[in-house]
Amino acid sequence: MTATLVTLDLVGIFVFAISGALVGVRKDLDVFGVLVLAGTTGLGGGFLRDVLIGATPPAALADWRYLLVPVAAGLVTFAFHGAVGRVERQVVVFDAFGLSVFCVAGALKATDYGLSPIPAALMGMVTGIGGGMVRDVLAGRVPVVFRGELYATPALAGGAIAVLGERADLPVAVVAVAGAAVCLVWRLLALWRGWTAPLPTGPASV
Amino acid sequence: MTATLVTLDLVGIFVFAISGALVGVRKDLDVFGVLVLAGTTGLGGGFLRDVLIGATPPAALADWRYLLVPVAAGLVTFAFHGAVGRVERQVVVFDAFGLSVFCVAGALKATDYGLSPIPAALMGMVTGIGGGMVRDVLAGRVPVVFRGELYATPALAGGAIAVLGERADLPVAVVAVAGAAVCLVWRLLALWRGWTAPLPTGPASV
Amino acid sequence: MTATLVTLDLVGIFVFAISGALVGVRKDLDVFGVLVLAGTTGLGGGFLRDVLIGATPPAALADWRYLLVPVAAGLVTFAFHGAVGRVERQVVVFDAFGLSVFCVAGALKATDYGLSPIPAALMGMVTGIGGGMVRDVLAGRVPVVFRGELYATPALAGGAIAVLGERADLPVAVVAVAGAAVCLVWRLLALWRGWTAPLPTGPASV
């Protein structure tokens, strides 16, 4: 079970890191900038969560695999960015897997550190979307998660299902799978059907 | 006394969150982006302070009211942004109240965690201005607190008065009110008279 | 020995703070914005490291000299930005000294907090480059460390040498000087010879 979780976690980090590295290549950053964007995108959400809940140093600083994976993703993307960019549509599906794993794992870790369900679900969402937000801020653009695509809401829902199920004394494995499945299906449906979050109506006053 | 403080704190968060949500609406973000900007503007200063002084998890993650208030402010602003935008000049006065409460509460909390007066006053200022800085970075603009308007200096002064008074063994209620009053009056005078912080003189070398 | 380290540390903070203040002046920020950029550039790397390894509150909040130095650097730069800007090429050399001290001190502090060598070397790099990254994000530009100049790699190497040497039971003073010297020489050679990090080859797919 734990080995499965770690593997899923590393896959999620790898996919997130690819998205960060692609942004870096498109901004014409050097290899170091690409690696930093890969690392912050893959690990940033977990770092934010761990710093906020007081779980320092973050797990990724205590296990070399968590550092190796984004470096590998960054180097591969830097070297073969043409090929990686061409399969980006497919990468988005893996990204949804990563989001599902992160939101559930993050929410459950937050409850371990004493947070009640709503803040814990929020920490799950932060784990899922935080890396991409840091990536966008470092790349000098407004976080894409703030515009259009449904991305954060599925993560919040997945985290909430996991922590509420755990509080109801359901087996952790069951609630974790249920939360991740809801997040994944919702996110994939949003991608497939082009669902978006509501935008403000009417002209904005200045 | 504590109930009064919590109420003032929540009012401050509500007003700060409105300013964040308005920025989000004007940047044409979706409802989720507006809520995140509302939340980070309302709670970001306290989060920054708590992470820096080691008071994790931040209080706002342990009390559901602190999460509900910015969500409510964000939803109201999202739905009625035209009307909210028209009363923005009046919101600025409430914002000065929020700043006054935050700088004093933040500075006193920092002394509780063992900081000496100057760093504690600085943490009071961070509590007051940090949320707006995070809002501006996420919205892709240079923090407005860095340009023109006198905003941070009153917060620093208010925090300093509170912690120096406390160190002089004056009653906490007295020094808190004194610090908040100085911050509030200074800030309102700056708004009313158009006081600004000095700008660099002469051309900047490139 | 400790007095030497503190002095070197303060010199590094002073030089970093000047670079931050110059960016603020060129962005036409007011005196407060210039001081905040001076402070975050001088102290931000250490703050990031301390928050990540759980060493809160950061040392700079417990020792008034660490707050006074960036304020002094900021005020001097604000008042005499023309003269400071003209010697910026020379400041870059001092900046390399600061980077060397920071990467070694940061990496050794991280091992004190239980990190293993690779993450500790990474924390040394974060200490050296973090302040400049925060400066650039607050000033609304992509961190310069991501583009062109070799800056982060020497810091990573310096930190790695220090922690690996310490793990090999060599005297701390020796490994610290060795790590700082490698970082310094590498950085100065890069400046002198115009070495840059590799850029992506070929057109980026959109």
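## How the copies are related

In this predicted model, chain C superposes on chain A after a rotation of 120° with 0.0 Å of shift along its axis, and the RMSD of that fit is 0.0 Å. But do the interface residues of chain C and chain A mostly match up, or mostly not? Mostly not: only 8% of the interface residues of chain C turn up as interface residues in chain A too, so these copies meet through different surfaces.

Now take chains A and B. A turn of 120° and a shift of 0.0 Å along the axis lays chain A on chain B, again with an RMSD of 0.0 Å. That's the relation of a three-fold axis. Here, too, the copies use different surfaces, with 8% of the contact residues of chain A recurring in chain B.

## Where chain A meets chain B

On to the contact itself: 26 residues of chain A touch 27 residues of chain B. Which elements of chain A give two or more residues to its side of this contact? They are α2 (31-53), α6 (117-138) and α7 (152-167) of chain A. The top contributor is α6(A), which puts in four residues.

## What that side is made of

Sort the side of chain A that touches chain B by class, and you get 18 nonpolar residues, six polar ones and two charged ones.

Note on methods
Residues are numbered from 1 along each chain as its sequence is written. Chains are lettered from A and ligands numbered from 1 in the order in which they are written. This is a predicted model: local features need pLDDT of at least 70, side-chain atom pairs count only at pLDDT 80 or more; totals for chains, interfaces and linings use all residues. Copies are superposed by least squares on the C-alpha atoms of residues with pLDDT of at least 70 in both. Two residues are in contact if their C-beta atoms, placed from the backbone, lie within 7 Å. Ala, Val, Leu, Ile, Met, Phe, Trp, Tyr, Cys and Pro count as nonpolar, Asp, Glu, Lys and Arg as charged, and the others, Gly among them, as polar.
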